[in-house]
Amino acid sequence: MWRRPFPWFIAAAALVYALYPYLADDVGLRESLLLAAVYIILASNLNLMIGYAGYVNFGNIVFFGLGGYICLYLVTALHWNVIPAALVGGVAVSSLALLFGLGILRLRGAFFALATIGVNQAIQQLVVNFEPWGGATGIYLSLESYGSLGGPMQALWITYLMVVGVTAGSLLASYAIRNSKFGLGLLAIGQNEDAAAVLGVPTPLYKAMVYSASAFLPAVAGGLYFFKSGIIEPTSAFNLQTSIEAIVMVMLGGSGTILGPALGAFLYEELRGFLLTAESFSQFQLVIAGALLLLIVQFVPGGLLGFVHQRWPRTRRWLE
Amino acid sequence: MSTLLEVSHISKRFGGLQAVDRLSLTVNEGEILGLIGPNGAGKSTVFNLINGVYPPDTGRIFFAGQDITGEPPYRVARHGISRAHQIVQPLAGLSVLDNCTVGACFGRQALPLAAARKAAREVVEMIGLGDRADSLAGSLTTAGKKRLEMARALSARPRLLLLDEVLAGLNPTETERMIETVRKIRDSGVAILMIEHIMRAVMSLSDRIVVLNLGTKLAEGTPREVADNPDVITAYLGDSKLLTAAERPA
C-alpha cells in the first residue's frame, strides 16, 4: 500500500500534527489538538460501520469508554505501563465486539441502531454497579501512575504523540480496508445486503468483523485519553451525546470516504470550541449539530467530500 | 450428460399458501432448462430455495453431487451457482466494474482483488457494458441494469446460472441481443436454469422445459412436447382450443 501517495500524505500530515504544538511549546494548543485527534479516531472508525457497511452504530462511544476503563484499571490496580494497558484494552473490547456483533448484527436498520444504544446503556449501568472499577465515582489516577513515562509533564506529551499515532493508524486502516477485498465486500453490504449475499459475500462474518475492527482503535484511544485526564467515570465514558456527535462528524465530512470523517471531526471540534466560549447558551453546539445533521441529510447526503466529488468528478481519483 | 443440479421433492409453504409442492427437477451440465408457468406458479420461489434465500420445508438439493440444502446464499454462490434477479438489484453506488468485481471476488473462484478486477473487466466487455464500466450502476438504463445482473453473475465464473426473467422489460432489439448473450454463455459451458415469460425466446433457447403450476410440476420435456401438451395450454389459456396455429412453435 506504500506505493500510492495517500499513505505518505497521512504519515506526513500526522508528523506535522504531532510536532507542531511541541515546537510551538503550547500546552493549550496540544490539548485542543488532542481532543480533535480523539474525535478523528472516533469518526474515522465509525465510518467503517456507517460509510462502508451501511450500519449506523449509535452506541459507538461504548468502545472508547470500555477501553478507557480497562486501561485505567490495569494501570492503577495492577501497576501496568499505559502502553500495554491501552493495547490490552483495545484487544479485549475488540474481541467483545466480535461476539456481540455476531448477535446484534442480525438486526437491520433502525433495530440495529436501537440495539447499539442498548449495548452502551447496559454497559454503563454495569460499570456503575461494578465496585472494582469504582462504581459511580470511577477510577482516579495518582501522580505515581505517570512515573513510568518520566513524570506527568513528559507523560502528557508522550500520550499526545501516541494519540496522534492512533489517529494516523485509524486513517491508514480505513484506507487499507477501502482498498481491499474485505472493503469491497463491506461496500456491497452497504449498498444492498441481500444482493451482496447472493453474490457470495459472507455477510454475517463480515459485519461482525467490521464491528470488531471499528472497536479496536477507539478503545486504545479511550485508554490513552482517560490516562491523560487522570480520571474516568461512567457518565463521561459512556456519553451517548458524544456518540451522536461522532455521527454528525462522519456525515459532515462525507461518509464512505477516507478523509471525509477526519475533516468533519476536525471542523466540528473547531466549531464546538468556538461555540463553547459563548457563555449565554451552554451546549449550544448540540443545537448546531442537530441543525447540521438535518441539513446534510436533506441537501448534501454525501457530506463535504461527497459534494466536492459530485461537483468536480475528477477529484474522486486522488481525494479519497 | 451428467447431472449438475438435482432438486428432489422440495416444498415451501408461506402461511396458507403452498408455494412449492414436492417439486423435483434436474439440470445437466451444459444445458439450458427453461422453467415456465403462469404468474404465481412458484418459479421465483424455486430459485430462492435453490440459492438459499430461504431453506425448503422438505426435500433436498444437490449440486455437483454435494448436498447444499439449507445453506445460506453466500455459501451457495461459492459452490458455483450465480443468479440474475428478476427485479434488478444493482449495488447502485458502486461502479459497473466494481459490481462485477464483487461477483468475481466472492463467487466460485474467490479471486483476490486485482485478479477479480481483471476478470470483471473481461466480462463487462463481453456483455457489452465496456463503455459504461466506470459509471455508477444506478445510472444505467433498465436494459443496462439487466445486462449488469448477467455480467455480475457471470463474473463469478459459475457452473450454473439462474436467470430470472432477464428479458422482461426489454425492447425487441435489446431482447435479441440478450438472447444471443444467453446462447453464448451456454456455449461457453455454463449450465442455465431460466425463468422466462417470453415464449418465443424460451422455446428457441431451451433444451428442455419444466412447466410449473400451483407449485407442482405440470409437464416436462422438449419445447415441442411441452407446447403440444394440452394440460399446459389449459393452464396458460384456460382452454386448449384458444391457441391459434400461429402461436405454436415451428
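## Exercises on a predicted two-chain model

**Exercise 1.** In this predicted model, the axes of helix H11 (residues 240-253) and helix H12 (residues 260-276) of chain A come within 7 Å and cross at roughly 120 degrees. Classify the pair H11(A) and H12(A) by orientation, give the hand of the crossing, and list the residues in contact.

*Solution.*
- Step 1, orientation. Angles of 65 to 115 degrees count as roughly perpendicular, and those over 145 as roughly antiparallel. The crossing angle here is roughly 120 degrees. H11(A) is therefore oblique to H12(A).
- Step 2, hand. H11(A) and H12(A) cross in the right-handed sense.
- Step 3, residues. H11(A) brings A:Glu245, A:Val248, A:Met249, A:Val250, A:Leu252 and A:Gly253. H12(A) brings A:Gly260, A:Pro261, A:Ala262, A:Leu263, A:Gly264, A:Ala265, A:Leu267 and A:Tyr268.
- Step 4, chemistry. The contact of H11(A) with H12(A) counts 10 nonpolar, three polar and one charged residues.

**Exercise 2.** Take H11(A) again, now with helix H14 (residues 303-311) of chain A. How are H11(A) and H14(A) oriented to each other, and which residues make the contact?

*Solution.*
- Step 1, geometry. The two helices pack at an angle of about 10 degrees. Their axes are 3 Å apart.
- Step 2, orientation. Angles under 35 degrees count as roughly parallel. H11(A) and H14(A) are therefore roughly parallel to each other.
- Step 3, residues. From H11(A) come A:Met251, A:Leu252 and A:Gly253. From H14(A) come A:Gly303, A:Leu304 and A:Leu305.
- Step 4, chemistry. The classes in the contact of H11(A) with H14(A) are four nonpolar, two polar and no charged residues.

**Exercise 3.** Describe chain A as a whole: its secondary structure, its compactness and its burial.

*Solution.*
- Step 1, secondary structure. Chain A has 14 helices and two strands.
- Step 2, compactness. The radius of gyration of chain A is 19 Å. The globule rule gives 20 Å for 320 residues, and the chain A value is close to that, so chain A is as compact as a globular protein of that length.
- Step 3, extent. The C-alpha trace of chain A spans about 55 × 45 × 45 Å along its principal axes.
- Step 4, burial. In chain A, 49% of the 320 residues count as buried.
- Step 5, contact range. Take the contacts in chain A between residues at least 6 apart in sequence: 75% of them join residues at least 24 apart.

**Exercise 4.** Repeat the description for chain B: its secondary structure, its compactness and its burial.

*Solution.*
- Step 1, secondary structure. Nine helices and 10 strands make up the count for chain B.
- Step 2, compactness. Chain B has a radius of gyration of 18 Å, close to the 18 Å from the globule rule for 250 residues, so chain B is as compact as a globular protein of that length.
- Step 3, extent. A box of roughly 55 × 40 × 35 Å, taken along the principal axes, is filled by the C-alpha atoms of chain B.
- Step 4, burial. In chain B, 45% of the 250 residues count as buried.
- Step 5, contact range. Among chain B contacts between residues at least 6 apart in sequence, 65% join residues at least 24 apart.

**Exercise 5.** How many residues of each chain are in contact across the A and B pair, and which element gives the largest share on the side of chain A?

*Solution.*
- Step 1, count. Chain A puts 17 residues in contact with 23 residues of chain B.
- Step 2, elements. Helix H7 (181-191) and helix H8 (193-198) of chain A are the elements that give two or more residues to this side.
- Step 3, share. H7(A) gives the largest share, six residues.
- Step 4, chemistry. The side of chain A that touches chain B holds 10 nonpolar, six polar and one charged residues.

**Exercise 6.** Work out how H7(A) packs against helix H3 (residues 96-106) of chain B.

*Solution.*
- Step 1, geometry. The angle is about 120 degrees, and the axes are 10 Å apart.
- Step 2, orientation. H7(A) and H3(B) are therefore oblique to each other.
- Step 3, hand. The crossing of H7(A) past H3(B) is left-handed.
- Step 4, residues. H7(A) uses A:Lys181, A:Leu184, A:Gly185 and A:Ala188. H3(B) uses B:Asp98, B:Thr101, B:Val102, B:Cys105 and B:Phe106.
- Step 5, chemistry. Five nonpolar, two polar and two charged residues form the contact of H7(A) with H3(B).

**Exercise 7.** Is B:Pro73 buried or exposed, and which residues is B:Pro73 in contact with, leaving aside its neighbours within four places in sequence?

*Solution.*
- Step 1, place. B:Pro73 lies in helix H2 (residues 73-79) of chain B.
- Step 2, burial. The cut-off for buried is 20 or more other C-beta atoms within 10 Å. B:Pro73 has 24, so B:Pro73 is buried.
- Step 3, contacts. With neighbours within four places left aside, B:Pro73 is in contact with A:Ala197 and A:Val198 of chain A, and with B:Asn51, B:Gly52 and B:Val53 of chain B.

Conventions
Residues numbered from 1 in each chain as written. Chains lettered and ligands numbered in written order. Predicted model: local features only at pLDDT ≥ 70, side-chain atom pairs only at ≥ 80, totals over all residues. Contact = placed C-beta atoms within 7 Å. Helix = DSSP H or I, 4+ residues; strand = E, 2+ residues; numbered from the N terminus. Nonpolar A, V, L, I, M, F, W, Y, C, P; charged D, E, K, R; others polar. Axes fitted to C-alpha atoms, helices over the stretch in contact; angles between N-to-C directions. Left-handed = near helix turned anticlockwise from the far one by under 90°. Rg over C-alpha atoms; globule rule 2.2 N^0.38 Å. Buried ≥ 20, exposed ≤ 12 C-beta atoms within 10 Å, placed from the backbone.
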